[in-house]
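Work through the following exercises with the sequence and the model side by side, and attempt each task before reading its solution.

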Amino acid sequence: MTDENWHVGATGFDPETISETGNRYLIGNGYMGYRGTLGEYTAAQQVALNLAGVYDQHGTAWREPVNAPNPLYITLTAGKTPLSVLETTPVSHQVGLDLRRAVFARTTSFAVDAGTVTVTASRFVSGADRTLGAARYTVSSTVATPVTLTCGIDEQVWDINGPHLVDTTHYAITGGLVVTAVTGELERQVAVWQRQFLSGSDAAGTLQTTAHGLQMSYPLALTPGVPVTLTVLFGVGVDDDRAAMVRTLSSATVASYDAWLAAHVAAWTKYWAASDVRLDGPDADQLALRYSIYQLLAVAPHDAVAQSIPARGLSGQTYKGAVFWDTEMFMLPFFAATDAATARSLVNYRIQGLAGAKAKAAAYGFRGAFYAWESQEHGLDACSDYNVTDVFTKRPMRTYFKDKQVHISGAVALAIWRTAQWLADDTLLTEGGAAVILACAEFYLDYARQGLLRPSVSIPDVIGPDEYHERVTDNAYTNKVVAATWQCALDVLAHLDAPQREAALAAVGGEDFVALVHTALAHLRRPVEQDGVLEQFAGYFKLEDCSVADVRSRLLDPREYWGGAYGVAAQTQVLKQADVVMMLEEFPQDYSLATHRANYDYYEPRTEHGSSLSWSMYAIEAARLGKGDAALEFFRKTATVDLTGQSKQWAGDIYIGGTHPAANAGAWLVALRGFAGMTTTANRLAFAPHLPADWNAMAFEVAYRNKRFAVRVTHDGATVQELEEA
Ligand code: BGC
């Protein structure tokens with residue numbers, strides 16, 4: 001097994017890739033995400049210090065997460081020449097991420113007079129204390145030359161629908177700066193502190209006020225062989241988190257940098273010990289898989305009690321910083337197997353969102369819990385009625401994601417049940433989870449209300465995972481998730497002791513609920529089957545049968561939205577993402593191998609893979625079907641989505657760029673469920689490997705039901721060894 005492949009990076013500067021590299025080199029600690037931007041960048045280059053779970057609405061625009069003022073705004077000039085990649089072509093430029101230590105670094109050289117000035121900088125946001133971060137910025141020169149170094153907290157924050165911060169104030173403290181502000185809507189208090197320590201020069205800093213806020217400016221007389229280093233320690237606190245952060249920053253010294261870095265690296269060493277997957281195979285695959293895991297570790301709410309992960313991680317404000325089913329269906333299995341505390345936090349977030357989900361159901365006239373399609377704090381649904389802007393008319397288009405993507409409730413219910421089983425932790429059920437599962441089951445009973453009167457129970461008017469076909473009836477995936485949720489409700493009831501069962505049932509109408517669930521389950525419509533192919537929804541087979549290429553050729557504008565009322569795909573069998581295939585992937589044991597094969601073969605050519613959620617589902621199915629090459633190709637797509645930056649950036653005229661934690665988690669799912677063939681049946685963890693031909697072996701640890709196992713997988717089979725500590 002190789003020990004390399006812990007570094008991603010690039011050489012050379014290309015202004016066209018600023019947005020993409022901002023995503024690729026993200027650092028984060030679950031409390032904040034800091035995009036992979038450079039010290040000299042500002043809002044125009046999408047600098048963002050994104051705060052997890054802190055949302056704000058400005059005017060009537062979409063609510064979105066708040067970006068804090070940037071404590072790492074650092075510029076350098078030589079005379080009148082800005083030593084910034086944006087204004088002066090560098091002699092050389094490198095950026096990169098050390099995945100093992102979660103440290104971002106850049107090295108850039110600029111020509112000055114007869115010599116070269118080089119900037120070497122690195123930064124991290126602490127894995128040990130979530131409110132802290134630090135950077136080191138070293139300037140060296142091959143000739144004696146004067147330069148001016150400035151460092152401040154940039155108050156010009158990048159926002160999509162802002163500004164979100166009001167009452168911004170700034171002031172200087174001993175060797176540092178402070179910016180405080182309040183969010184406009186909920187008046188949350190945000191504080192950014194920064195301490196600066198200069199070494200290698202005795203230049204005195206002067207304070208200046210600029211359009212970006214306060215800055216310290218240092219006139220440096222560089223001489224060859226004497227590098228000057230600015231160490232910046234910063235803290236960001238919201239509401240109650242401010243006090244401890246301020247105390248730490250106030251007493252910090254330049255030596256704190258090394259102490260903070262050591263604590264940070266120790267935290268990441270622990271994360272990696274639990275989650276790394278080592279390949280004996282192509283280096284590029286190893287790196288992509290590790291990078292995918294890195295992205296998950298960077299956005300995980302490690303120490304939080306009830307926080308979740310947005311669909312675009314902590315990379316900015318796209319998708320409203322909202323939590324989708326991505327978390328439950330894709331990310332949660334990774335955390336259950338590698339980091340139980342994070343898994344519990346993700347589950348608790350949904351448990352805390354129950355009141356919001358009940359309110360949403362009630363607003364539509366239903367009982368039970370209808371979870372938010374785009375969930376913000378307290379389960380609030382941030383999804384707009386008009387979620388896509390038409391590229392031609394520039395008008396918002398009515399979409400029904402919020403109203404009709406009812407499979408979200410099942411994703412939540414099943415995830416809670418599956419996580420409780422995986423962690424062997426009944427408290428997840430008894431402390432709120434059982435109530436969520438029953439409320440989701442109740443919602444589905446009510447949603448199928450009219451159907452219940454008929455001999456076969458139908459789930460009308462929904463949107464399945466394939467969002468291009470809106471308001472369809474009996475979507476195969478949705479119906480399967482509904483059935484699984486009903487079954488799950490019965491299983492939970494059987495699992496609880498008598499008083500718990502009685503209390504849980506009281507909230508959903510008592511014993512009648514049980515009878516109704518049994519009837520509904522027995523009569524729920526199964527998909528129509530044609531030559532082994534399960535129809536995606538009622539009437540799907542009657543739609544025009546054409547290829548993805550045909551549909552693409554009909555586009556009048558590359559950013560055009562394919563779905564909705566007039567979308568090019570809507571009247572055809574072309575689908576956005578895995579739908580029936582996702583159902584097969586999630587419930588593999590319920591279908592014969594022939595069914596898996598027939599549906600993969602039918603749906604794959606008709607799938608656009610227009611969502612980054614799609615590839616991993618196809619990869620797992622391909623692996624199970626022995627289609628190793630296809631599996632590896634899809635694995636590579638999902639594992640490299642944030643490395644290549646080749647993902648959809650637009651939905652109609654709306655920017656949707658950022659990182660893709662569900663696709664990152666998808667890479668892990670493909671490795672474990674697909675290539676290692678991991679299953680859990682009757683509380684037994686088992687492996688039936690389908691490694692791609694290019695891979696010789698794979699080794700990882702996995703935690704299951706309070707035990708840890710070391711697993712090694714080859715083409716000949718798997719060895720599973722129970723580890724000593726729990
Ligand atoms: C996909 C959804 C997904 C969302 C957030 C959409 O494009 O169709 O399934 O939940 O993106 O990732």
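Helices (H or I, at least four residues) and strands (E, at least two) are DSSP runs, numbered from the N terminus. The model is predicted, so that local features need pLDDT of at least 70 and side-chain atom pairs count only at pLDDT 80 or more, while totals for chains, interfaces and linings use all residues. Residues are numbered from 1 along each chain as its sequence is written, and side-chain values use heavy atoms, with hydrogens and water left out.

**Exercise 1.** Locate Asp 474 and determine whether Asp 474 is buried or exposed.

*Solution.* Begin with the position: Asp 474 sits in the loop between helix H11 (449-452) and helix H12 (476-495). Next, read the backbone, where phi of Asp 474 is near 55 degrees, a positive value in a residue other than glycine. Most residues other than glycine have a negative phi. Finally, Asp 474 counts as buried because its relative accessibility is 9%, buried meaning under 20% relative accessible area, exposed over 50% and partly exposed in between (1.4 Å probe, protein chains only).

**Exercise 2.** Repeat the analysis for Asn 683.

*Solution.* Asn 683 lies in the loop between strand S26 (678-681) and strand S27 (684-687), and its phi, near 60 degrees, is also positive in a residue other than glycine. With 41% relative accessibility, Asn 683 counts as partly exposed.

**Exercise 3.** Describe the peptide bond from Gly 162 to Pro 163.

*Solution.* Place Pro 163 in the loop between strand S12 (145-154) and strand S13 (165-173), then read omega, which is near 5 degrees, so the bond from Gly 162 to Pro 163 is cis. Most peptide bonds are trans.
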